[in-house]
Amino acid sequence: MRYIWDGSLVTGNAMIDEQHQNLFTAINDLLKTCEEGKGKDELKKSLDFLTNYTIKHFFEEETLQKKYNYPDHPNHHKYHEAFKETVRELSHKLIMGGATDALTREVQDQIGGWLVSHIQVEDKKVAAHVKAQQGK
Ligand SMILES: [Fe+2]
């Protein structure tokens, strides 16, 4: 399974949208690595890229939230931290035991699925707030 970028995921903020597309690429790359049963080195490479890019993206998105006084930033920060913890835990399991079918499904649901709903609900609110503030 692959995550396809479509109109339902557009927040309208160019920086956020571009970074989300790169995250999709990173997630799809990890899923491909899992499904093809690649070894630990390949898994580690995909996981490191996803982890580092997630950290960079969340940092920049939260910097934007703070710059424009996004009122729900404290909660949004918590969602991001919880996701980073999920990525850490799944990375650990994948490196220890390899990519089983069950773990690949967890990557799909908890990483890919999480990102889709986070974008559609939370990040759209952020982008709308930033846009409203910029228009003032
Ligand atoms: Fe976010």
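Let me start with α1 and α2, which are roughly antiparallel to each other. This is a predicted model, so please take everything that follows as computed from it. The axes of α1 and α2 lie 9 Å apart, at an angle of about 160°, and an angle over 145° counts as roughly antiparallel. Their crossing is left-handed.

Which residues of α1 and α2 meet? On the α1 side they are Met15, Ile16, Gln19, Asn22, Leu23, Ala26, Ile27, Asp29, Leu30 and Thr33. On the α2 side they are Glu42, Leu43, Ser46, Leu47, Phe49, Leu50, Tyr53, Thr54, His57, Glu60 and Glu61. By class, the contact of α1 with α2 has 11 nonpolar, six polar and four charged residues. As general background, an α-helix has 3.6 residues a turn, so residues three or four places apart point the same way.

Now α2 by itself. Helix α2 runs over residues 40-67, which is 28 residues. At 1.5 Å a residue it should span 40 Å, and its end C-alpha atoms are 40 Å apart, so the two values agree. Which residues of α2 are buried? They are Ser46, Leu47, Leu50, Thr54 and Glu61. The cover over these buried residues includes α1 (14-35), α3 (73-97) and α4 (101-134).

After α2 comes Asn69, in the loop between α2 and α3. Its phi is near 50°, a positive value in a residue other than glycine. Is Asn69 buried or exposed? Asn69 is exposed, because it has 9 other C-beta atoms within 10 Å, and the cut-off for exposed is 12 or fewer.

Next, α3. It has 25 residues, so at 1.5 Å a residue it should span 36 Å; its end C-alpha atoms are 36 Å apart, which agrees. α3 is followed by Gly98, where phi is again positive, near 80°.

On to the packing of α3 with α4. Their axes come within 11 Å and cross at roughly 165°, and the two helices are therefore roughly antiparallel to each other. α3 passes α4 in a left-handed crossing. From α3, the contact is made by His76, Tyr79, Phe83, Thr86, Val87, Leu90, Lys93 and Leu94. From α4, it is made by Leu103, Glu106, Val107, Gln110, Ile111, Trp114, His118, Glu122 and Val126. That contact divides into 10 nonpolar, four polar and three charged residues.

α4 also packs with α1. The axes of α1 and α4 come within 10 Å and cross at roughly 175°, which makes α1 roughly antiparallel to α4. Ile16, His20, Leu23, Ile27, Leu30, Leu31, Cys34 and Glu35 in α1 meet Thr104, Val107, Gln108, Ile111, Gly112, Leu115, Ile119, Asp123 and Ala127 in α4. Here the classes are 11 nonpolar, four polar and two charged.

One last residue, Lys124, which is found in helix α4. Lys124 has 18 other C-beta atoms within 10 Å and is therefore partly exposed, given that a buried residue needs 20 or more. How far is Lys124 from Leu47, in sequence and in space? They are 77 residues apart in sequence and 26 Å apart in space, C-alpha to C-alpha. Leu47 is among the buried residues of α2.

Key
Residues are numbered from 1 along each chain as its sequence is written. This is a predicted model: local features need pLDDT of at least 70, side-chain atom pairs count only at pLDDT 80 or more; totals for chains, interfaces and linings use all residues. Helices (H or I, at least four residues) and strands (E, at least two) are DSSP runs, numbered from the N terminus. The expected span of a helix is 1.5 Å times one less than its number of residues. Two residues are in contact if their C-beta atoms, placed from the backbone, lie within 7 Å. Axes are lines fitted to C-alpha atoms, for helices over the stretch in contact, and angles run from 0 to 180 degrees between N-to-C directions. Angles under 35 degrees count as roughly parallel, over 145 as roughly antiparallel, 65 to 115 as roughly perpendicular and the rest as oblique. A crossing is left-handed if the near helix is turned anticlockwise from the far one by less than a right angle, and right-handed if clockwise. Ala, Val, Leu, Ile, Met, Phe, Trp, Tyr, Cys and Pro count as nonpolar, Asp, Glu, Lys and Arg as charged, and the others, Gly among them, as polar.
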